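These are my notebook entries on one chain, written down in the order in which I looked things up. I began with a single side chain and then went on to pockets and core.

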Amino acid sequence: MRATKLLVTVAVTFFAVACTKLMLKPADFSWPIENVLKIDSKGDVEEQRHTFKLNVKQLLFAEFKDSTNFAGKEIRIIRDKAGYYFITGKNFKNVYVFLPVEGGMKLENTILISETNPLVSPAFNQKAPNIELLDGTKKYLLNYKGIVR
């Protein structure tokens with residue numbers, strides 16, 4: 001009886017440990033500076049340094065209601081410490097926040113910057129733990145939830 005209880009306890013402990021997901025913490029996923037990426041004729045942007053490639057046609061359609069007039073345009077992208085990607089570009093009214101998922105990116109949040117005045121010359125900076133968006137003399141401090149007040 002005692003051996004059976006011991007065997008059951010060892011088995012339960014073994015399975016509990018085996019089922020626990022490995023977690024490596026802390027981690028810093030931030031990119032120190034933004035990347036300015038040109039959109040190619042297929043709607044792709046690519047960053048060799050980070051081995052990063054992404055098709056942005058759906059993003060452009062969400063922002064402009066047009067996904068055909070994009071070749072040669074640029075998007076700006078930066079990644080914060082928590083691993084969120086912030087994406088915007090010239091004439092955008094929003095900053096899009098994405099999380100990586102298997103095989104793609106999932107929209108986490110859309111941050112409205114201005115309904116009436118699109119961005120003219122946007123630039124991202126790392127201001128840990130937040131992201132700074134500059135547009136001329138205008139400055140916005142962002143996190144994945146929105147504009148930090």
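**Entry 1, a serine in a loop.** I asked whether Ser114 should be called buried or exposed. In this predicted model I find Ser114 at 15% relative accessibility, and because the limit for buried is under 20%, I enter Ser114 as buried. I then looked up its place in the chain, and Ser114 sits in the loop that runs between β7 (104-112) and β8 (122-127). For its side chain I noted two polar contacts with backbone nitrogens: a polar atom of the Ser114 side chain lies 2.8 Å from the backbone nitrogen of Asn117, and one lies 3.3 Å from the backbone nitrogen of Thr116.

**Entry 2, the largest pocket.** I record a volume of about 300 Å³ for the largest pocket. Its lining comprises 18 residues, and those that lie nearest its centre are Phe64, Lys73, Glu74, Lys90 and Asn91. When I asked which elements give two or more residues to this lining, I found α2 (57-64) and β4 (74-79), with β4 providing the largest share, three residues. By residue class I noted eight nonpolar, five polar and five charged residues in the lining of the largest pocket.

**Entry 3, the second largest pocket.** Here the volume is about 220 Å³, and the residues that line the second largest pocket include Leu54, Val56, Leu59, Ile87, Tyr96, Phe98 and Met105. The elements with two or more residues in this lining are β3 (52-55), α2, β6 (94-101) and β7, and I assign the largest share, three residues, to α2. How does the lining of the second largest pocket divide into nonpolar, polar and charged residues? I entered nine nonpolar and two polar residues, with no charged residue in this lining.

**Entry 4, the nonpolar core.** I then turned to the largest nonpolar core, which has 30 residues, and wrote down those with the most contacts inside it: Val56, Phe86, Val95, Ile113, Phe124, Leu133 and Leu142. At least two residues of this core come from each of β3, α2, β4, β5 (85-88), β6, β9 (130-135) and β10 (138-143), while β6 gives the most, with four residues.

**Entry 5, one core residue in detail.** I chose Val95 and asked which residues it touches, leaving aside those up to four places away in sequence. The list I obtained for Val95 is Phe86, Ile87, Thr88, Asn109, Thr110, Ile111, Ile113, Phe124, Leu133 and Leu142.

Definitions and conventions: Residues numbered from 1 in each chain as written. Predicted model: local features only at pLDDT ≥ 70, side-chain atom pairs only at ≥ 80, totals over all residues. Heavy atoms only, no water. Buried < 20%, exposed > 50% of the residue type's maximum accessible area, 1.4 Å probe, protein only. Polar contact = N/O pair within 3.5 Å; in protein donor to acceptor, adjacent residues only side chain to side chain. 1 Å grid on protein atoms, 1.4 Å probe; cavity = no way out; pocket = protein on both sides within 12 Å on 5 of 7 lines; lining within 4 Å. Points joined across faces, edges and corners; volume = space filled by probe spheres on them. Nonpolar A, V, L, I, M, F, W, Y, C, P; charged D, E, K, R; others polar. Core = buried A, V, L, I, M, F, W, Y, C linked by side-chain atoms within 4.5 Å. Contact = heavy atoms within 4.5 Å.
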